[in-house]
Every structure is written in C-alpha cells, then in structure tokens.
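This report looks at how two helices are placed within their surroundings and how one of them meets a neighbouring helix.

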Amino acid sequence: MNKYLSLIAAAGLLFSCEPKNSEIDYTQLSDAERLELAQEIAQSTIMVDGHVDLPYRMKVGGFTLQREILDVSVRTPDGNFDYPRSKEGGLDAPFMSIYIPAGNQAIPGASKALADSLILMTERLANTFPEKFAMAYSPADVEANFEKGLISLPMGMENGSGLEDDLANVEYFHKRGIRYITLTHGKDNLIGDASYDTTGTHGGLSEYGEKVVAEMNRVGIMVDLSHVSDNTFRDALAITKVPVIASHSSARKFTPGFERNMSDELITAMAENGGVMMINFGGTFIDSAYAAGSSKVREHLVNYMVDNGLSRSDSAFRAYAAEYSAANNPFPTVQRVADHIDHVVSLVGIDHVGFGSDFDGVGDSLPTGLKDVSMFPNLIAELLKRGYSKEDIEKICYKNIFRVWKAVEDYAASQG
C-alpha cells in the first residue's frame, strides 16, 4: 500500500469511485497527515520560485569571479537558500535574481557590468557543482533537470537598467540566459517609473521603455512588472503581445497604500492578459502590521542595549534580544501568505498565481513557518487545509508560470 493510500486509510477516508477523479479530501486529514502529504507533493511536483536573491547574496558576501563562490552545495549557516534545504523543501527551479541596485544607474555601464558578473557567478555555481545544479533556459530544461534530480538555475534580471540605453542589449541578455526582466527597481530608470519612486519621471513607460517591452516580446524574455509604478504597469500591459508576470509581488489589499504590491485592479488586468502573479513572502509585503510591530521590537532592543551599556555582539544582549523577540514576535505566519494566494484565486482564479518568495532578498522579515526554502511544504499543507486540490497546487508550483513562459517562447519563435 503506497503512502497516499495508507494515509487515507488511517483517516478513514476513501477515494472516489471515479478513476479520473480520485482526489483526496485533504481538509479531513489531521495536520500531521496533511503535512506528510504536502511533503510528498513537494517532492514529486516541479516547484518554481520566481525570485531568489542568491547571486547578490554572494556578491554582498565578498565572493567574486576571482574567488571561490559561496558553497551552497552544502547547508549554510545563514541565508535562506542552499542545496540541502532546497531538496528538503522540494524547490526545483529558483529563478536566480540578477539584481542591479538603482544606485548603479548613475554610472554609465555599471549596471550592465554588474549584470554580466552576476550571470557569470551563477553559471560558475552550476559548473562547480554539476551533480547538484544546472542552468535552465526553458521549461523543457527545467523538466529535464528535474528528471535528473538537479536543481535548475533559471535567471531573471531585476532592474532593466542593466540594458543601459541600448535596445540591442535585450537580445544580448537573452543570449546570456536572462528569461525575465523586471523593468524597474527602487528608482525611475530609462525604461519607466518605479513604485518606490514618487518622481513620476515618465508618467509610466518611457518611449524607450515601450520599445524595450516590444523587443522583449520579440526575443522571448518575460516582462516582469514587480517594482513598477501603477502607470508603468498599465502601459506595459497595453503594449505587450504576450502574458506578463510579477515575479515577486503580493496583494495590496493587505498592505493599503503600498504601491509596490498589486491592487485588485492590476491583478484583474494581469489575469485578463493571461499573466501570473508570484507571491512575495517578505513580512512587509504580506502584512502591514509587520512593519509597525518589528519597529517596536527594534526600538525596545536599541533602548535596552543603550540603557545597559551593551553592544550587539555582547552575549548578554544577544540572549535578551532572542528571548524578547520570541515573546513579542512581530512576524506574520505562513497562513498570511496563503491569505494572499486565496485573495488572488478568489479574484481571478487559480491560473494566475505562483510562488515568488524573495528568499535571500528580504532579510529577517520572513513569516513563521516560511523562514527558508526547506519550509515550502508548510505552505502547501496550509493550502491543502483550505481545500486546494493537488492539481491546484501543481498549477501554483509550476504549471501557471510554465504556461506564460511557453507562450513567450512561442511568440518569439513566430517572429522569425
């Protein structure tokens, strides 16, 4: 008797008599049984994460092309991603974020140079540990790597400033392996206006930005609308000939006034375009109460440190900080991430949502139960508890993003 059937028997449940509809009623299982099944699903299903900031984590850690890369083939003491934890959580294809800080935009050539170096660093990771990692440039690559037990490393460029002012760089970066470009980041750039910037330089996409979107369609790079202003979002949807993505965004319903997240209007427009919204797990993205709660904890700890003549490195302060933080935990939980998925599904359906964790990019703000890539089964178990089917989970894990990715590939192929 396989594990699925034994769990069903233990719960006193039966499969449907219909051979093609043998769906388990996961809501009737115990939490322990549901988590075990979630782990089974995570291991047997391709899982894509739209945004993991490992390349920039390596750069910040002082690793360069001339030095050894960070060895994430083994369990690492910090960060949110490495091979062992990825395998435990069932994550098969984390999009490696080729992140370009907005500050680089002030130096001509600096953004492209950084993008090139982070791409090389990612490739070096795959070349150094070929028994564990492999590059991936298409859904077919991810599927092939999955069959071999390898973790795929597809790449997306976070901040279109890496294109500089040269439209030819769109095709250049496609050849380098970039499969989505986040049009902006923290500040307005040559392409368009950013959600974190209030300047409104272009009022949305610039004329150059319109050409960039069209060229991305032509060569086969997904248009990523995380980080853009609402006006840029609308302009890009009006121009693109293929579905778009938001690689790591959450629902503004839970964070009123936070333009970085997507409003119901934009979620609906993206769904009408056929696109996919990949939910960010960061605390500030999923619950507006987190920022206020974490600020109070930080303020208290700073005052305690000063009042007692301690420093952050003192063991007495670290012990107190750990105890106080645990007792006054400001972090949201895995349930809050599921709330965002629920909201998107209730608004536009199951075909337009995915995972876009922002692991290694949001610091110590991740929810309880989703602190690193090993914990994806906790989220899957929560979704099963809420009535999602195995087919629903598969769509969230990979089928939705694969549909968009393939549509972008097909359109590019049709352009000759």
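In this predicted model, the elements that cover the buried residues of α14 include α10 (264-273), β9 (276-279), α11 (283-286), β10 (353-355), α15 (376-385) and α16 (390-414). The residues of α14 that are buried are Val334, Val337, Ala338, His340, Ile341, His343, Val344 and Val348. The length of this helix is as expected, because its 15 residues (334-348) should span 21 Å at 1.5 Å a residue, and the C-alpha atoms at its ends lie 22 Å apart, which agrees.

With one of its covering elements, α15, helix α14 packs at an angle of about 60°, the two axes being 9 Å apart. That angle makes α14 oblique to α15, because only angles of 65 to 115 degrees count as roughly perpendicular and those under 35 degrees as roughly parallel. The crossing of the two helices, α14 and α15, is right-handed. On the α14 side the contact is made by Val334, Gln335, Val337, Ala338 and Ile341, and on the α15 side by Asn378, Leu379, Glu382 and Leu383.

Helix α7 (residues 168-175) has Asn169, Val170 and Phe173 as its buried residues. These cover an arc of only 110° around the axis, and therefore sit on the same side of α7. An α-helix has 3.6 residues a turn, so residues three or four places apart point the same way. The buried residues of α7 pack against α5 (110-128), β5 (155-158), β6 (178-182) and α8 (207-219).

Each of the two helices is followed by a glycine with a positive phi:

| Helix | Glycine after the helix | Phi |
|---|---|---|
| α14 | Gly349 | positive, about 105° |
| α7 | Gly177 | positive, near 110° |

Conventions:
Residues are numbered from 1 along each chain as its sequence is written. This is a predicted model: local features need pLDDT of at least 70, side-chain atom pairs count only at pLDDT 80 or more; totals for chains, interfaces and linings use all residues. Side-chain values use heavy atoms; hydrogens and water are left out. Helices (H or I, at least four residues) and strands (E, at least two) are DSSP runs, numbered from the N terminus. The expected span of a helix is 1.5 Å times one less than its number of residues. Buried means under 20% relative accessible area, exposed over 50%, partly exposed in between (1.4 Å probe, protein chains only). Contact means heavy atoms within 4.5 Å. The arc is that of the directions from the helix axis to the C-beta atoms. Axes are lines fitted to C-alpha atoms, for helices over the stretch in contact, and angles run from 0 to 180 degrees between N-to-C directions. Angles under 35 degrees count as roughly parallel, over 145 as roughly antiparallel, 65 to 115 as roughly perpendicular and the rest as oblique. A crossing is left-handed if the near helix is turned anticlockwise from the far one by less than a right angle, and right-handed if clockwise.
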